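Trainee: I am new to this structure and should like to go through it in questions and answers. May we begin?

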Amino acid sequence: MREEQRDEMKETGGLDLDGIHIMTIIGEIEGHQNAAQGTKTTKYEHMIPDLARVEQDDRIRGVLILINTIGGDVECGLALAELIASLSKPTVSLVLGGSHSIGVPLAVSADYSFIVKSATMMIHPVRTGGTFIGVIQSYRNIEKIQDRITRFISDHSHMKQKEIERLMLAVGEQVKDVGTVLSGEEAVEKGLIDHLGGMKEAFVKLGELCDTASECTK
């Protein structure tokens, strides 16, 4: 492995491999504030320029996004999801372990998504803390943020927005706090994720998308 590849992996968790950019989204999505010391994080200020580089680098044919995240900063996570969705290069996501909270929009932002059978995804309402100056105004702002999230998920998956909202507020045996936890199989059954599969399936699908994209540009 070249020195610059080691530096890239250390800085962003990414790696360019034979025309494929491998991107990792792990731990907590760190946003405008630093996470607690010792917390594994994905730093959005590193990811944004990395995604811009991917878009402009003609040597990169496609992007594989490996996800195992507990969620994190809502605004920054959604910004990353929008960037991934707007890439002209083919993208495939693979959920390993879990993709919770704002990790759900990140998982569905790719052109095609996979999840391993043992992974889980949690959909829940936006949570916030601190002092509220105006309770009604703050509640309305939270509602707007939730609408942005559910609309994005609906636009990039096979689920209707109303169904996503229902899962956010569900109460039942699968609930942890408020929301719904879906297994890998359930995420596929509900149309949140495209297919069950692992690394092999993700690489095969990404290769197909890259070949199709190459044919279209000829």
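Mentor: Let us start with a definition: a salt bridge is a side-chain nitrogen of Lys or Arg within 4 Å of a carboxyl oxygen of Asp or Glu. Please keep in mind that this is a predicted model.

Trainee: How many salt bridges does the count come to by this rule?

Mentor: The rule asks for a nitrogen and an oxygen within 4 Å. The side chains of Asp-16 and Arg-53, for instance, satisfy it with an N to O distance of 3.1 Å. By this rule the count comes to 13.

Trainee: Which elements hold Asp-16 and Arg-53?

Mentor: The salt bridge between Asp-16 and Arg-53 links distant parts of the chain, the two residues being 37 apart. Asp-16 is partly exposed at 25% relative accessibility, and Arg-53 is partly exposed at 29%. Asp-16 belongs to strand β1, and Arg-53 to helix α2 (residues 44-56).

Trainee: Asp-50 also forms a salt bridge with Arg-53; is Asp-50 buried or exposed?

Mentor: The closest N and O atoms of Asp-50 and Arg-53 are 3.2 Å apart. These residues are 3 apart in helix α2, so about one helical turn separates them. Buried means under 20% relative accessible area. At 6% relative accessibility, Asp-50 counts as buried.

Trainee: Which helix holds both Glu-163 and Arg-166?

Mentor: The side chains of Glu-163 and Arg-166 meet in a salt bridge of 3.0 Å, N to O. Glu-163 is partly exposed, with a relative accessible area of 26%, and Arg-166 is partly exposed with 45%. They lie 3 residues apart, about one turn, in helix α6.

Trainee: What arc do the buried residues of α6 cover around the axis?

Mentor: In helix α6 (residues 161-168), the residues Ile-164, Leu-167 and Met-168 are buried. They are placed on the same side of α6, because the arc they cover around the axis is only 105°.

Trainee: How far apart are the end C-alpha atoms of helix α3?

Mentor: Helix α3 (residues 74-85) has 12 residues, and the expected span is 1.5 Å times one less than that number. This gives an expected span of 16 Å. The prediction agrees with the model, where the end C-alpha atoms are 16 Å apart.

Trainee: Which residue caps the N-terminal end of α3?

Mentor: The buried residues of α3 include Cys-76, Gly-77 and Leu-78. At the N-terminal end, a side-chain oxygen lies 3.1 Å from the backbone nitrogen of Glu-75. That oxygen belongs to the capping residue, Asp-73.

Trainee: How many disulfides does the structure hold?

Mentor: A disulfide is a covalent bond between the sulfur atoms of two cysteines. Cys-76 is buried, with a relative accessible area of 1%, and Cys-210 is buried with 2%. To count as a disulfide, two cysteine sulfur atoms must be within 2.5 Å. The number of disulfides in the structure is 0.

Trainee: Which side chains of strand β8 point to the buried face?

Mentor: In a regular strand the side chains alternate between the two faces of the sheet. Strand β8 (residues 180-183) pairs with β7 (residues 120-123) in the antiparallel sense over 4 bridges. Val-181 and Ser-183 point to one face and are not buried. The buried side chains, which point to the other face, are Thr-180 and Leu-182.

Trainee: Where does Asp-18 lie?

Mentor: Asp-18 is not a glycine, yet its phi is positive, about 50°. Asp-18 is exposed, with a relative accessible area of 74%. Its place is the loop between β1 (15-17) and β2 (20-30).

Technical notes: Residues numbered from 1 in each chain as written. Predicted model: local features only at pLDDT ≥ 70, side-chain atom pairs only at ≥ 80, totals over all residues. Heavy atoms only, no water. Buried < 20%, exposed > 50% of the residue type's maximum accessible area, 1.4 Å probe, protein only. Polar contact = N/O pair within 3.5 Å; in protein donor to acceptor, adjacent residues only side chain to side chain. Pairing = 2+ DSSP bridges. Arc of directions from axis to C-beta.
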